[in-house]
Amino acid sequence: MTTTDLSLHERKLLRRAGSPDLGRWLAHTAPTRGCVRPVRLTGSVHTVEQSTGAILQTRHTTDMPDGVLYVPCGDRRASVCPPCAETYRADTYQLIKAGLVGGKGIPDSVGGHPAVFATLTAPSFGPVHTRVVNPRTGKIRPCRMRRDLTPCPHGKLLACTQRHTENAPCLGRPICLDCYDHAHHVVWNGWAGELWRRTTITLTRALRPLERTHGVKLRVSYGKVAEYQRRGVVHFHALIRLDRLDPDDRDAILAPPAAISAADLAELVAGAITATGFQTPEYADTGHTWPMQWGSQLDVRPVNNLGTGELTSEAVAAYLAKYATKATEATGLPVTGRMTGEAAEHYSDPNSHLGRLVAYAWQLGTRPQDWDTDELKAEWHDTYGRLRRWTHMLGFGGHFATKSRRYSTTHKVLRAARRVWHRTQRTDWRYRHGEAGHLEDDDTTLIVCDLTLAGIGWNTTGDAQLAADAAARAREHHQLTKQERTTA
């Protein structure tokens with residue numbers, strides 16, 4: 001076979017793989033960890049001495065392979081960039097785990113604090129197709145059996161006798177499309193974050209009787225992730241921990257009195273969830289409001305009593321972290337950026353559940369024409385205008401992984417530690433190959449960047465494949481090394 005018989009992709013791949021500069025290029029692109037669409041930057045990177053402000057070293061991207069600096073996109077969504085999403089998932093895992101057992105700056109004593117795992121769902125907006133499994137026998141029950149076969153106002157029987165498979169396309173779809181309250185659905189998504197905030201306030205107030213009984217100040221800390229159900233509404237998984245509060249040092253994480261158990265905390269959490277609710281602001285020119293409250297499918301369990309047996313902290317952290325990289329994939333809506341009017345019209349199919357959700361989110365978020373003053377525009381932007389901005393998320397505009405301030409470490413700290421590690425590795429590599437002119441001491445120097453965007457993505461598909469293969473080998477090596485340390 002000659003080079004003329006190869007495809008363009010194969011020729012570019014061989015050209016890069018056969019380049020004498022391949023090792024330098026792989027070391028330069030290693031920090032992207034195989035990112036699908038890295039950000040390409042051009043400019044200068046300065047090493048500055050903190051005490052004097054003197055520039056110790058300047059590196060221009062023109063001296064780097066490809067003349068650019070590659071930075072991972074950092075997208076948390078697995079459907080957009082699997083490598084970056086895996087990094088985000090791993091960071092979330094470490095963040096959640098540290099709040100359970102300590103580490104990453106959190107004292108190990110938190111492992112003895114009362115903690116519960118809570119799942120908070122949305123209310124019903126209309127009957128949908130479901131898959132129900134008998135917990136004792138493992139058999140699948142009929143979807144929706146009803147003795148009352150009276151048709152709905154639209155002439156449909158709100159019943160289904162089928163036993164749906166796990167991937168049945170009808171799961172989460174309304175039995176009667178016209179009976180389902182799609183407007184309330186998207187409004188609930190839009191105010192779900194506010195409902196959670198008020199729930200934490202209610203829970204904090206519920207701690208006051210315990211504080212008076214034990215003569216101490218108490219505080220709840222939490223780590224929370226959001227997940228889309230197949231019907232297109234979000235629900236939350238939250239790990240809630242009880243701490244003792246030191247009024248003189250609010251950052252201290254202290255153990256609460258031993259007499260307070262995880263079961264006591266679970267009772268307080270369940271009570272706060274059921275007691276929290278409010279009405280949304282009045283909709284423009286109609287005065288209509290929607291009730292905001294949690295659904296009846298509430299699950300609050302002590303952490304040491306999850307499932308059929310005791311669940312380890314690693315399993316709890318992994319369970320929460322896996323949802324942090326998801327978006328609207330479960331609903332069938334493609335992962336896109338913010339929708340334009342043309343895109344919203346394309347997805348607004350009145351004959352489908354998903355299409356109606358998109359249509360209602362876009363329409364309810366459209367500002368009335370008579371709201372043309374600055375004050376009214378600002379009010380609309382902060383209330384129902386959010387539905388239009390987040391139409392691509394069916395109205396939900398919150399973060400998928402959040403935590404209270406003192407629950408654990410932060411993503412920012414974890415990213416900073418990873419940057420320092422990668423910078424150290426690159427410095428060591430340059431010294432081994434005679435390319436470094438000054439040793440970078442992170443305690444006395446700063447890295448100051450003067451960079452501009454040059455583009456997004458790899459220059460060629462061959463580069464993308466080589467970078468992905470190198471990242472895969474690095475991950476495999478890391479796993480083998482980790483296993484060897486564990487078994488040693």
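Three short exercises on this predicted model follow, each with a worked solution.

Residues are numbered from 1 along each chain as its sequence is written, and side-chain values use heavy atoms, without hydrogens or water. Local features need pLDDT of at least 70 and side-chain atom pairs 80 or more, while totals for chains, interfaces and linings use all residues.

**Exercise 1.** State which percentage of the 488 residues counts as buried.

Solution. Step one: take the cut-offs, with buried under 20% relative accessible area, exposed over 50% and partly exposed in between (1.4 Å probe, protein chains only). Step two: apply them. The buried share is 42%.

**Exercise 2.** Classify Arg-33 as buried, partly exposed or exposed, and place it in the chain.

Solution. Begin with location. Arg-33 sits in the loop between helix H2 (22-29) and strand E1 (39-49). Helices (H or I, at least four residues) and strands (E, at least two) are DSSP runs, numbered from the N terminus. Next, accessibility. Arg-33 has 23% relative accessibility, so it counts as partly exposed. Last, the backbone. Phi of Arg-33 is near 55°, a positive value in a residue other than glycine. Most residues other than glycine have a negative phi.

**Exercise 3.** Do the same for Lys-104: which loop holds it, and how accessible is it?

Solution. Lys-104 lies in the loop between helix H3 (82-101) and strand E4 (115-120). Its relative accessible area is 48%, and therefore Lys-104 is partly exposed. Finish with phi: Lys-104 has a positive value of about 55°, although it is not a glycine.
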